[in-house]
Structures are given as structure tokens and as C-alpha cells.
Amino acid sequence: MAEEKKVEKKKVIKPYKPATKFCPRCGARLADHKDRLTCGNCKYMELKKK
Ligand SMILES: [Zn+2]
């Protein structure tokens, strides 16, 4: 069970997703959420436009 969880965590990284944006404040890569992008570094948040 413990090993399965490790594999799951690795899947969080999706290198094939090209649309990732970068934080305008600190330059870190923004985390891609369903309706928003967030910066884990400085807590910047940007809502996605549809
Ligand atoms: Zn940032």
C-alpha cells in the first residue's frame, strides 16, 4: 500500500502539459487547477478565463 501511494504522487507531475504559465511575481511555475492557477511559492492566484 505504501508503495502505491508513492506512485500516485509521482503522477501529479505532468510534463506533457504545455500550457503552464509562470508567476508574474516570483517567476515560479504556476500550479494548474481546474479553474485557477496558483503559485506555491508566493501564493499568487490567477483565475482561468473561459
Ligand atoms: Zn509566485
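This report walks through the fold, the sheet and a few loop residues of one predicted chain.

**Overall picture**

Let's start with the broad layout. The chain contains 1 helix and 3 strands, and read from the N terminus these elements follow the order α-β-β-β. Of its 50 residues, 4% are buried. Contacts that bridge long stretches of sequence are absent: among contacts between residues at least 6 apart, 0% join residues at least 24 apart.

How confident is the predictor along the chain? The mean pLDDT is 81, and 62% of the residues score at least 70. Among the elements, helix 1, which covers residues 2-11, has the lowest mean pLDDT, at 65. Strand 3 has the highest, with a mean of 95. It is worth keeping both values in mind when you look at the model.

**The sheet**

The 3 strands make an open sheet, ordered 1-2-3, with antiparallel pairing. Strand 1 (31-32) and strand 3 (45-47) each have a single partner strand and stand at the edges, so one side of each has no neighbour in the sheet. In general, strands of a sheet pair through backbone hydrogen bonds, in either a parallel or an antiparallel manner.

Strand 2 spans residues 36-38, and its antiparallel pairing with strand 3 runs over 3 bridges. Which residue of strand 3 is the bridge partner of Leu37? That partner is Glu46.

**A positive phi between strands 2 and 3**

The loop between strand 2 and strand 3 holds Lys43. Most residues other than glycine have a negative phi. Lys43 has a positive one, near 70 degrees. Is Lys43 buried or exposed? Lys43 counts as exposed because 10 C-beta neighbours lie inside 10 Å, and the cut-off for exposed is 12 or fewer.

**Three residues before strand 1**

Next comes the loop between helix 1 and strand 1. Phe22 is located there, as are Arg25 and Cys26. Each of them can be paired with a residue further along the chain, as the table shows.

| Residue pair | Separation in sequence | C-alpha to C-alpha distance |
|---|---|---|
| Phe22 and Cys39 | 17 residues | 8.2 Å |
| Arg25 and Tyr44 | 19 residues | 7.5 Å |
| Cys26 and Cys42 | 16 residues | 7.0 Å |

Phe22 has 12 other C-beta atoms within 10 Å and is therefore exposed. With neighbours within four places in sequence left aside, Phe22 is in contact with Gly27, Ala28, Arg29 and Leu30.

Arg25 is exposed too, because its C-beta neighbours inside 10 Å number 11. Which residues does Arg25 contact, leaving aside its neighbours within four places in sequence? They are Cys39, Cys42 and Tyr44. Tyr44 thus appears twice for Arg25: as a contact, and as the residue whose C-alpha lies 7.5 Å away.

Cys26 has 11 other C-beta atoms within 10 Å, so Cys26 is exposed as well. Beyond its neighbours within four places in sequence, Cys26 contacts Cys39, Asn41 and Cys42. Cys39 and Cys42 are also among the contacts of Arg25. For Cys26 and Cys42, 16 residues apart along the chain, the C-alpha separation is 7.0 Å.

**Putting it together**

To recap, the predicted model has an antiparallel open sheet of 3 strands. In the loop between helix 1 and strand 1, Arg25 contacts residues including Tyr44, while Cys26 contacts residues including Asn41.

Note on methods. Residues are numbered from 1 along each chain as its sequence is written. This is a predicted model: local features need pLDDT of at least 70, side-chain atom pairs count only at pLDDT 80 or more; totals for chains, interfaces and linings use all residues. Two strands pair if DSSP finds at least two bridges between them. Helices (H or I, at least four residues) and strands (E, at least two) are DSSP runs, numbered from the N terminus. A residue is buried if 20 or more other C-beta atoms lie within 10 Å of its own, exposed if 12 or fewer, and partly exposed in between; C-beta atoms are placed from the backbone. pLDDT is the predictor's confidence in each residue, from 0 to 100. Two residues are in contact if their C-beta atoms, placed from the backbone, lie within 7 Å.
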